[in-house]
Amino acid sequence: MNVIIIGAGIMGTTFAILAKELAPELDITILERLDDAGRGNSWAFYNAGTGHEANCELNYTPVDGEVVSVEKALKIHAQFNVAKQFWAYLVNKGAIKDPRTFINQTRHCTIVSEPAIEELKLRFREMSAHHFFEQMRYSEDFDEIKSWIPYTMEERPRHEKMAATIIETGTDVNFGALTQQMAAHAVNELGVRIEYGTHVKRVHKSPSGSWLIEAEQRGKPVQHKANVLFVGAGGGAFPLLKKSHLPFRDRFSGFPVGGRFLQAPISEDQAGQYRAKTYGKAEVGAPPMSVPHLDLRVVDGKHYLLFGPFASFKPILERGRGFVDFLRSIRLHDVSGFIRVFIEHFALVKYLVSETFKGEKDMLEELEKFAPGLSKKFDWKAVEAGQRVQIIKDGGLQMGTEILVSEDRTYGTLLGASPGASVSPEVMLRCLEQLIPSIFSKEEAMEKKKQIFPEDDLEALMNNPERYREIRDAVNKTLGIARSMPE
Ligand SMILES: Cc1cc2nc3c(=O)[nH]c(=O)nc-3n(C[C@H](O)[C@H](O)[C@H](O)COP(=O)(O)OP(=O)(O)OC[C@H]3O[C@@H](n4cnc5c(N)ncnc54)[C@H](O)[C@@H]3O)c2cc1C
């Protein structure tokens with residue numbers, strides 16, 4: 001069977017490795033528009049690099065009165081645990097020599113002021129009662145919070161009442177470096193082909209039942225054929241779906257949201273004083289993807305602070321592609337959906353437009369509110385982040401991701417943005433199960449799957465504390481994540 005994957009981001013590359021590990025007989029080619037793997041949204045500074053496991057992101061635990069809902073947080077935590085099993089497998093087999101090239105232990109903290117303190121306390125009580133978050137601690141003590149996350153507290157007036165939670169086993173992940181190492185492994189050890197500089201323009205089904213892929217390779221038209229097609233092309237997945245003639249194509253369109261960060265290079269010593277990702281509370285009316293956070297990043301052995309994201313209204317599909325590409329992906333029947341989203345989510349649209357015009361000075365003011373004194377302590381500059389394309393489905397805006405598989409199981413795609421790269425191995429495993437289920441009927445494939453994922457059942461991880469702890473401790477050891485932050 002010949003499989004073509006469009007996009008060598010973290011999704012496409014993970015899909016290729018999983019498929020080839022479980023079914024070595026598959027003939028797999030990845031077609032990638034750019035000249036390298038992991039240079040789209042997966043690239044280090046195009047995203048925040050948070051290993052999302054719901055340790056610190058308030059938007060994963062919505063509160064209604066006195067009831068905090070933890071279901072989403074539990075699912076994301078379990079999915080991240082499955083992701084770590086996959087990455088630990090790659091480290092153990094030598095595909096990735098040193099885990100520190102892509103994953104670094106980083107405290108995951110949440111900080112809030114009045115009137116959100118009661119909410120955080122409630123969240124802490126609910127979450128720390130579950131074995132996933134048993135290591136979470138809570139404090140309202142100014143000095144203790146300062147010892148956890150000094151850069152957010154050093155110049156804050158002592159009378160300002162704050163509350164924070166901390167989990168010491170969080171991570172910063174360089175998804176770009178991870179993708180590049182995975183791509184090299186896929187090509188050199190597993191026999192996957194990657195055709196770079198190949199922009200797929202259109203895919204359609206031939207009368208014989210195979211997929212015809214029309215692309216441009218460095219300006220020249222090329223064609224490929226596939227029995228099975230997986231489109232892991234980020235925002236670029238929308239126009240391909242639109243042109244595919246699949247019956248569900250009309251139900252989906254893309255709502256693009258751009259982003260920027262403030263970035264400052266810091267020394268190793270300065271990084272040693274912080275070693276955290278600290279999430280705050282989003283402004284009222286702000287979308288979930290704009291929760292402010294101050295992150296320590298480790299990229300190619302160098303240290304940076306990142307603050308943001310600052311969302312913006314940017315009608316493009318991906319970084320490096322123009323407005324015309326986005327416009328061409330819109331069909332007449334999409335217009336009513338856009339109008340509905342504009343009316344129903346007017347506050348969001350207004351927020352995005354206002355954020356678009358925020359200058360560096362305003363961004364630094366936001367940083368000052370989050371971490372008093374920090375804007376002057378380091379040399380900050382605004383940098384362009386990746387481009388999210390959220391799903392509009394049947395006229396309604398969705399914030400998550402969705403796997404779509406055609407009825408004949410020959411076309412699969414991933415639409416949407418978050419939680420994204422952090423959960424990519426679990427999401428790609430589910431996608432593979434739906435797209436090529438025949439793989440999973442073979443005993444050897446199931447044995448291999450057990451080697452890669454000792455426990456991929458999210459419910460088992462959620463409901464069996466002993467099993468979860470056994471897996472967590474084993475993968476953390478391989479990935480260099482200690483029970484508490486090493487001094
Ligand atoms: C501002 C921001 C912050 C984020 N923060 C986090 C975070 O902290 N943690 C986290 O887990 N996730 C985060 N994410 C999400 C994460 O970046 C994405 O989920 C992840 O990178 C998606 O991977 P992908 O492979 O689907 O997309 P990409 O990495 O964008 O890869 C898609 C690839 O497809 C290629 N492509 C597109 N169209 C075509 C075509 N027609 N032909 C050939 N090739 C094509 C592109 O060139 C690209 O290389 C963030 C995203 C943004 C934008």
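This briefing covers one helix, the shell around the ligand, and one sheet. The structure is a predicted model. Helix 1 spans residues 10-22 and, together with strand 11 (198-205), supplies at least two residues of the ligand shell from each element. The sheet is open and has 6 strands.

**Helix 1**
- Helix 1 has 13 residues, and the distance from its first C-alpha to its last is 18 Å, close to the 18 Å expected at 1.5 Å a residue.
- Of the 13 residues in helix 1, 12 are buried.
- The buried residues of helix 1 include Ile 10, Met 11, Phe 15, Ile 17, Lys 20 and Leu 22.

**Ligand shell**
- There are 42 residues around the ligand, and those that come nearest are Gly 7, Gly 9, Gly 40, Gly 236 and Gly 420.
- Sorted by class, the shell holds 21 polar, 16 nonpolar and 5 charged residues.

**Sheet**
- The strands of the sheet follow the order 10-2-1-14-23-22, and their pairing is mixed.
- Strand 10 (193-195) and strand 22 (401-405) each have a single partner strand and stand at the edges, so one side of each has no neighbour in the sheet.
- On average, neighbouring strands are turned by 15 degrees against each other, direction ignored.
- Strand 1 (residues 2-6) and strand 2 (residues 27-31) run parallel and are joined by 5 bridges.
- Ile 5 stands opposite Ile 30 in strand 2.
- Helix 14 (residues 424-435) packs on this sheet, where it touches strand 14 (228-231), strand 22 and strand 23 (411-416).
- The direction of helix 14 makes about 20 degrees with that of strand 22.

Methods. Residues numbered from 1 in each chain as written. Predicted model: local features only at pLDDT ≥ 70, side-chain atom pairs only at ≥ 80, totals over all residues. Helix = DSSP H or I, 4+ residues; strand = E, 2+ residues; numbered from the N terminus. Expected span 1.5 Å × (residues − 1). Buried ≥ 20, exposed ≤ 12 C-beta atoms within 10 Å, placed from the backbone. Near = placed C-beta within 6 Å. Nonpolar A, V, L, I, M, F, W, Y, C, P; charged D, E, K, R; others polar. Pairing = 2+ DSSP bridges. Axes fitted to C-alpha atoms, helices over the stretch in contact; angles between N-to-C directions. Contact = placed C-beta atoms within 7 Å.
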